[in-house]
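Here are my notes after a look through the model you sent. I've started with the ligand and then gone on to the sheets.

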Amino acid sequence: MRTLWQHCHAATMVDGRYAIIEDAAIVTYAGLIEWIGPRSGLRPVEAERTVDLGYAWVTPGLIDCHTHAVFGGNRSSEFEQRLQGVSYAEIAAQGGGIASTVRATRAASEDELFASARQRVQALMRDGVTTLEVKSGYGLDLANERKMLRVARRLADELPLAVRATCLAAHALPPEYAGRADDYITHICDEMLPALAAEGLVDAVDAFCEHLAFSPAQVERVFIKAHELGLPVKLHAEQLSSLHGSSLAARYQALSADHLEFMTEEDAIAMAAAGTVAVLLPGAFYFLRETQLPPMEALRRHGVKIALASDLNPGTSPGLSLRLMLNMGCTLFRMTPEEALAGVTTHAATALGLGDSHGSLEAGKVADFVAWHIERPADLAYWLGGDLPKRVVRRGHEISN
Ligand code: DI6
Ligand code: FE
């Protein structure tokens, strides 16, 4: 069905700028944007349907490009411990942290994981999210990583949402491999990744490069295998210390390197040259009460594209609002509201390898957009979360929320 959407203003986010069209019209057909421009430039169209958007501001559907939305249990008790002064690293060393979520995730059935993930994802959708990345990484063996990735696929089947599934088997060392990290990496490369990729469950491969997780040399083995399988890579890098994981990611043309508080200028230069997106995660920075800020000026100076994401996970960012992350990106990381919005649209799409089809309002792209009843685009970063009045369109069809 061809639909004409009119009486709106559009922040198209082309090239990561607001690129505003006042009094815009949008024609959608077969799930795609067929035409967008000023209403005065619209030629007569045979639309089966015309929708009056009441002079709302239209943006691309929001994209949360880094989540761990599928997991068992939660870690509010560790939150209490940390507030009494125990550090994230200390909790991890005592068998808590990621390991406790691994136990709960292994114990949960696929249906249980789906039910809890769906609630969290629906919370994100109430913020206008139409595309989401979901990582595995709390299963840490073939059967349980498969279970998580199947839940990610099912979220896309049952909700009006595009989902990219990322295999993060190299997230932490499972207890059965204690003291044998290299053997676990071998297991990932020889057994897990080939099987999960063959089952069509993996869109990208991620790893956690950190002293309390995996070394750059171990991560590189995972990257080599991912490339052999034809899969793009991403990396959790420079969150707690500087191991130059982001430069390693750039050498493997990673879609993104994520966190990055401790990255250096040389890392930024390497990422810019490779087109690797910097995904910043202010929710984790805030929740861990970190003080080391990502090097915003170096990222801007070298032209690294910057995305923002929720990092929704039970340990370091129980963040159920992507718009709250826009606010935190501005207040904590000194991003502009325009940069923040680009970080959850254009650049988030690139961080998922979807830059050609998603992330901006342009003819030929998927017709995923949100019509917000706000005064100006900066309002999206201004309010601290909350449910802003809006209409959400996914593949040319309005969805209720
Ligand atoms: N960095 C993070 O912030 C999450 N994973 C990662 O590699 C934390 C995951 C957790 O604590 O459960
Ligand atoms: Fe993460």
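1. Fourteen residues is a lot to scroll through, so here are the names to click on: of the 14 residues around ligand 1, Arg75, Tyr88, Tyr138, His171 and Thr316 come nearest. Do keep in mind that this is a predicted model.

2. Two of those names turn up again among the polar contacts. Arg75 has a polar side-chain atom 2.7 Å from an oxygen atom of ligand 1. With His171, the partner is a nitrogen atom of the ligand, 2.8 Å from a polar atom of the side chain. Gln239 also puts a polar side-chain atom 3.1 Å from a nitrogen atom of ligand 1.

3. How much of ligand 1 does the protein bury? On its own the ligand exposes 320 Å², and 100% of that is buried by the protein. As for where to look, ligand 1 sits in the largest cavity.

4. Now the sheets. One of them is open and built from 8 strands, running 5-6-7-8-9-10-11-12, with parallel pairing. Its edges are strand 5 (62-64) and strand 12 (306-308); each has a single partner strand, so one side of each lacks a neighbour in the sheet. From one strand to the next, the twist averages 25 degrees.

5. For a detail inside that sheet, try strand 6 (residues 129-135) and strand 7 (residues 162-170), which pair in the parallel sense over 5 bridges. If you want one pair to display, Glu133 has Arg164 in strand 7 as its bridge partner.

6. There is also an open sheet of 7 strands, in the order 3-2-1-4-13-14-15, and here the pairing is mixed. Which strands stand at the edges of this one? They are strand 3 (32-38) and strand 15 (397-399), and because each has a single partner strand, one side of each is left without a neighbour in the sheet. Ignoring direction, neighbouring strands are turned by 40 degrees against each other on average.

7. Mixed pairing overall, but strand 1 (residues 3-11) and strand 4 (residues 49-60) pair in the parallel sense, over 7 bridges. A handy pair to bring up on screen is Ala10 with its bridge partner in strand 4, Val58.

Key: Residues are numbered from 1 along each chain as its sequence is written. Chains are lettered from A and ligands numbered from 1 in the order in which they are written. This is a predicted model: local features need pLDDT of at least 70, side-chain atom pairs count only at pLDDT 80 or more; totals for chains, interfaces and linings use all residues. Side-chain values use heavy atoms; hydrogens and water are left out. Two strands pair if DSSP finds at least two bridges between them. Helices (H or I, at least four residues) and strands (E, at least two) are DSSP runs, numbered from the N terminus. Axes are lines fitted to C-alpha atoms, for helices over the stretch in contact, and angles run from 0 to 180 degrees between N-to-C directions. A residue is near a molecule or strand if one of its heavy atoms lies within 4 Å of it. A polar contact is a pair of N or O atoms within 3.5 Å; within protein, one must be able to donate a hydrogen and the other to accept it, and residues adjacent in sequence count only if both atoms are side-chain atoms. Accessible areas come from the Shrake-Rupley method with a 1.4 Å probe; for residues, only the protein chains shown count as cover. On a 1 Å grid over the protein atoms alone, a cavity is a set of points where a 1.4 Å probe fits but cannot get out, and a pocket is an open set with protein on both sides within 12 Å along at least five of seven lines; lining residues have an atom within 4 Å of a point. A molecule sits in a cavity or pocket if more than half of its atoms lie within 2 Å of its grid points.
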